[in-house]
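Open the model in your viewer, keep the sequence panel in sight, and let's walk through it together. Each stop tells you what to select and what to look for there.

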Amino acid sequence: MTTSGDDQAGAGLQSRLRRELAAALRARDQVAVAALRTALSALANAEAVPAPAIPRGSVPAAGAASRNAAPGSPAPGSPAPGSPAPGSAAPGSPVPGSAAAGSAAPGGDPHIAGAAAGLGAAEAARRHIGEAEADRIVRAEISERLAAAEQYARAGHADRAGRLRREAAVLAAAVGEPA
């Protein structure tokens, strides 16, 4: 797969941020480490592809069946205490849908629905962000820090405001913006 120069440039900013993070870790500069890790995380989040939509009703909400039940009563549709679960098999017989029953999904785990077998089998391709988008994301991180610093300063928290301003300065230097 080939990448455009714009994609490689976006990776260049990430590489620069990673190099600066390594230097900050060696120098034990906690302010720079925090700022650079947050910026790298923001870039990684921008590369993520959206998860496929799950149709409503296909997966019950956690606790939905028992939410309206009286305290101490079994959930609707659950077996009475001491009785076998519906669809349970006799000991030693294959579990329905298992490999022993002959209906396991190819390449999947017979005991976990929707499981994918193999290294990286469930990985999704990430999208590539270009230099302009990477720069925009890091500059947004800078402006968020400066806005929060201003709010902290107005609230009388000069120490927190100062830390956020130092984090913004670290990121500004990384993108070549004057501090």
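Does Arg28 count as buried or exposed? Select Arg28 and show its surface: with a relative accessibility of 75%, above the 50% cut-off, this residue counts as exposed. You are looking at a predicted model, so keep that in mind at every stop. Arg28 sits in the loop that links helix 1 to helix 2. Check its backbone too, since the phi angle of Arg28 is near 55 degrees, a positive value in a residue that is not glycine.

**The whole chain**

Now zoom out and switch to a cartoon view. You will find four helices and zero strands, and the order from the N terminus is α-α-α-α. The chain has 179 residues, of which 21% count as buried. Its accessible surface is about 12100 Å², with 57% of that belonging to carbon and sulfur atoms. If you turn on contacts between residues at least 6 apart in sequence, 60% of them join residues at least 24 apart.

**Helix 1: stop at Gln14**

Select helix 1, residues 5-27, and pick out Gln14 within it. Is Gln14 buried or exposed? Its relative accessibility is 7%, below the 20% cut-off, so Gln14 counts as buried. Show its surroundings: leaving out residues up to four places away in sequence, Gln14 touches Leu40, Leu43, Ala44, Glu47 and Ile129. Draw a distance from Gln14 to Leu43, one of these partners. Their C-alpha atoms lie 7.8 Å apart in space, while the two residues are 29 apart in sequence.

**Helix 2 against helix 3**

Next, colour helix 2 (residues 30-47) and helix 3 (residues 131-154). How do their axes cross? They come within 10 Å of each other, at an angle of roughly 135 degrees. Helix 2 and helix 3 are therefore oblique to each other, and the crossing is right-handed. To see what meets there, show side chains for Ala34, Ala35, Thr38, Ala42, Leu43 and Ala46 on helix 2. On helix 3, do the same for Ala134, Ile137, Val138, Glu141 and Arg145. Coloured by class, this contact shows eight nonpolar residues, one polar and two charged.

**Helix 2 against helix 4**

Keep helix 2 selected and add helix 4, residues 158-174. The axes of helix 2 and helix 4 come within 9 Å and cross at roughly 60 degrees. That angle makes helix 2 oblique to helix 4. Here too, helix 2 passes helix 4 in a right-handed crossing. From helix 2, the contact takes in Gln30, Val31, Ala32, Ala34, Ala35, Leu36 and Ala39; from helix 4, it takes in Arg163, Arg166, Glu167, Val170 and Leu171. By class, you have eight nonpolar, one polar and three charged residues in this contact.

**Last stop: Glu167**

Finally, centre the view on Glu167 in helix 4. Which residues does Glu167 contact beyond its neighbours within four places in sequence? They are Val31, Ala34, Ala35 and Arg145. Ala34 and Ala35 will be familiar from the contact of helix 2 with helix 3, and Arg145 belongs to the helix 3 side of that contact. Glu167 has a relative accessibility of 6%, under the 20% cut-off, so this charged residue counts as buried.

Key:
Residues are numbered from 1 along each chain as its sequence is written. This is a predicted model: local features need pLDDT of at least 70, side-chain atom pairs count only at pLDDT 80 or more; totals for chains, interfaces and linings use all residues. Side-chain values use heavy atoms; hydrogens and water are left out. Helices (H or I, at least four residues) and strands (E, at least two) are DSSP runs, numbered from the N terminus. Buried means under 20% relative accessible area, exposed over 50%, partly exposed in between (1.4 Å probe, protein chains only). Contact means heavy atoms within 4.5 Å. Accessible areas come from the Shrake-Rupley method with a 1.4 Å probe; for residues, only the protein chains shown count as cover. Axes are lines fitted to C-alpha atoms, for helices over the stretch in contact, and angles run from 0 to 180 degrees between N-to-C directions. Angles under 35 degrees count as roughly parallel, over 145 as roughly antiparallel, 65 to 115 as roughly perpendicular and the rest as oblique. A crossing is left-handed if the near helix is turned anticlockwise from the far one by less than a right angle, and right-handed if clockwise.
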